[in-house]
Amino acid sequence: MAAAPGENMRVNGDRLWDMLEEMAKIGPGIAGGNNRQTLTDEDGEGRHLFKRWCEDAGMTVSTDKMGTMFATRAGTDPDAFPVYIGSHLDTQPTGGKYDGVLGVLAGLEVVRSMNDLGVKTKHPVVVTNWANEEGARFAPAMLASGVFAGVHSLDYAYSRKDPDGKTYGEELKRIGWLGDEEVGARKMHAYFEYHIEQGPILEAEQKQIGVVTHCQGLWWLEFTLTGKEAHTGSTPMDRRVNAGLAFGRILELVQDVAMAEQPGAVAGVGQAFFSPNSRNVLPGKVVFTVDMRTPTQEKLDRMREKIEAGAIEICEALGVGCAVEAVGHFDPVTFDPVLVGRVRDAAVKLGYSHLDIISGAGHDACWAARLAPSTMIFCPCVDGVSHNEAEEISKDWAAAGCDVLLHAVLETAEIVA
C-alpha cells in the first residue's frame, strides 16, 4: 500500500522565490515585469535556464515538435503513466513575473523537494513548460497544449503569424527549440497546474489557496470591418462608410450582451487596429477581437450567436463589410473531482485557508483535461492584477500553494514506502 505524504513534508519557499527572481531577469519589462514573448530570443534564454535547473535536479529533458519542454523524474514502475505538473514560461508584452512562471518553477521545486526528502514514487513526475500559452504573439492562446490534445493540427500551429508576418514554425526553428518528439504521443496519469488567480477574490477573502473546480469557456472572435477611407473634415456625414462607427456600436453591443447574461458572464474588446490610423482619415479597415467567457455552455453559445448576428446587422445598416473569424475557443471545463478533493484535503491537512473557485482565464489545464484527470491550484495576487507588469504575489503565498501541490502530486504519484 502506498504511503501518504506526511504533514512535515514542505517545499523550500526561499529556493522557489529565488528561482522566480532569477527567471525574471530574462526578458525584463520596462516597469518591473517581463517581456518574454513566445519564440523570442528571450524565450529561448529562459528555456535554457529552466533546462539547466532541471538537469541539475537529475531530470531528463525532452522537447516536442511544438517546442513544449518535458522534464522527467523517473518513477519506480517503468510502465506507470506520469503525473504531470505544467504551466508556461512565455509572457505578455507587458507581463508580470509570476503568470505561468510560478506553475513551471513550482513544479521544479516539487521535484527538488522530493529529492531533498529522498521520496520515491511509483509514477514518474513530469514538469512541463507548454509553448505559446499566452497567445500574445501567435494566436490562439494555449496553442501547443491544444495541438497536444488534438484540438489543432501541427500544420495549423506552424502557420500562425505574428504581427510582423513571421510564422510560428519559422521562429521555432530560428531560436533552436524545434524538438523531435511527436506532439501528443505522451500518456498522462494526471495533470496539475499551479497558477496565480489573476483576479481579486482570494486576497479579498483572505484565503491562501484557491481550489479550482471549473474553468470558464471562451470564444475569441476576430472581426474585420471594411469601410471607405475618407477625409474626416471634408466628407459629409451622410456619405461616409465609417468602419470606426461600426466598431463603436459593436463595442456597445458586446457590453449589452454580456450584461444581459449576468451573473457569471463577461465580454469585452482589448485589442483593436485602425487602418490607416491617422487622426484626419476615416478608417478603411478596423480589426478587433471580442473576448467572451462564462462557465455555462448555454450562455457561451448564446453570447456568440447574439454578438455575431448583432454585429452583422450593425454593419449592414452602415454599408460596412463585416468578416468574422474564431481565433480562440474552448468549452467550459469541470476539473476532476478526485484531484480537486486531493487539493482541498492537502490545504486542510497543512492548515492553509482555502476557497473553491472558478478560473476566469483559460489555461493549458483546459486542454489537458481532455486527456487525463486534471485540476488547478490558485495563488492569490495583489489587487487581482495580472497581464500587467505590476503583477505581485508574496513569497509566503507562493510557498503555500507549492506545499499543497507537493502533497496532491505525491498522493497521485503514489509514494513508495
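These questions and answers walk through a predicted model, starting with its annotated sites. Residues are numbered from 1 along each chain as its sequence is written, and side-chain values use heavy atoms, leaving out hydrogens and water. In this predicted model, local features need pLDDT of at least 70 and side-chain atom pairs count only at pLDDT 80 or more, while totals for chains, interfaces and linings use all residues.

Reader: Which residues does UniProt list together with His88 for "binding site"?

Author: Happy to start there! The annotation comes from an unreviewed UniProt entry; its positions follow the numbering used here, feature names are shortened, and annotations may be inferred rather than shown by experiment. Alongside His88, the record lists Asp99 and His195.

Reader: Why can we say that these three gather at one spot?

Author: His88, Asp99 and His195 are the residues in that record. They span 108 residues in sequence, yet they gather at one spot, because no two of their C-alpha atoms are more than 9.7 Å apart.

Reader: Is His88 buried or exposed?

Author: First find His88 in the loop between β3 (83-87) and α3 (101-117); helices (H or I, at least four residues) and strands (E, at least two) are DSSP runs, numbered from the N terminus. Buried means under 20% relative accessible area, exposed over 50%, and partly exposed in between, using a 1.4 Å probe and protein chains only. His88 has a relative accessible area of 0%, so His88 is buried.

Reader: What is the length of the polar contact between the side chains of Asp99 and His195?

Author: Asp99 sits in the loop between β3 and α3, and Asp99 is buried because its relative accessibility is 5%. A polar contact is a pair of N or O atoms within 3.5 Å; within protein, one must be able to donate a hydrogen and the other to accept it, and residues adjacent in sequence count only if both atoms are side-chain atoms. The Asp99 side chain makes such a contact with the His88 side chain at 3.4 Å. With the side chain of His195, the contact is 2.9 Å.

Reader: What is the largest C-alpha distance among Asp99, Glu134 and His387?

Author: Asp99 turns up again here, since a "binding site" annotation in the unreviewed UniProt entry covers Asp99, Glu134 and His387. These residues are spread over 289 residues of sequence but cluster in space, with a largest C-alpha distance of 9.6 Å.

Reader: Which residues does His387 touch, leaving out those up to four places away in sequence?

Author: Look in the loop between β15 (374-379) and α12 (395-413) to find His387. His387 counts as partly exposed because its relative accessibility is 40%, and its side chain makes a polar contact of 3.2 Å with the side chain of Asp99. Counting contact as heavy atoms within 4.5 Å, His387 touches Gln92, Thr94, Asp99, Glu134 and Gln198.

Reader: Which side chain is joined to that of Tyr191 by a polar contact of 3.0 Å?

Author: Tyr191 belongs to strand β5 (residues 190-196) and is buried, because its relative accessible area is 0%. Its C-alpha atom lies 6.8 Å from that of Ala372, although the two are 181 residues apart along the chain. The side chain that makes the 3.0 Å polar contact with Tyr191 belongs to Trp130.

Reader: What is the volume of the largest cavity?

Author: A cavity is a set of points, on a 1 Å grid over the protein atoms alone, where a 1.4 Å probe fits but cannot get out; lining residues have an atom within 4 Å of a point. Grid points are joined across faces, edges and corners, and a volume is the space filled by probe spheres set on the points. The whole structure has 1 cavity of 30 Å³ or more, and the lining of the largest cavity includes Thr38, Trp130 and Asn132. Its volume is about 30 Å³.

Reader: Is Asn277 buried or exposed?

Author: Asn277 is in the loop between β9 and β10, as is Pro276, which is joined to Ser275 by a cis peptide bond with omega near 10°. Asn277 has a positive phi of about 60° although it is not a glycine. Its relative accessible area is 62%, so Asn277 is exposed.

Terms used: 1 Å grid on protein atoms, 1.4 Å probe; cavity = no way out; pocket = protein on both sides within 12 Å on 5 of 7 lines; lining within 4 Å.
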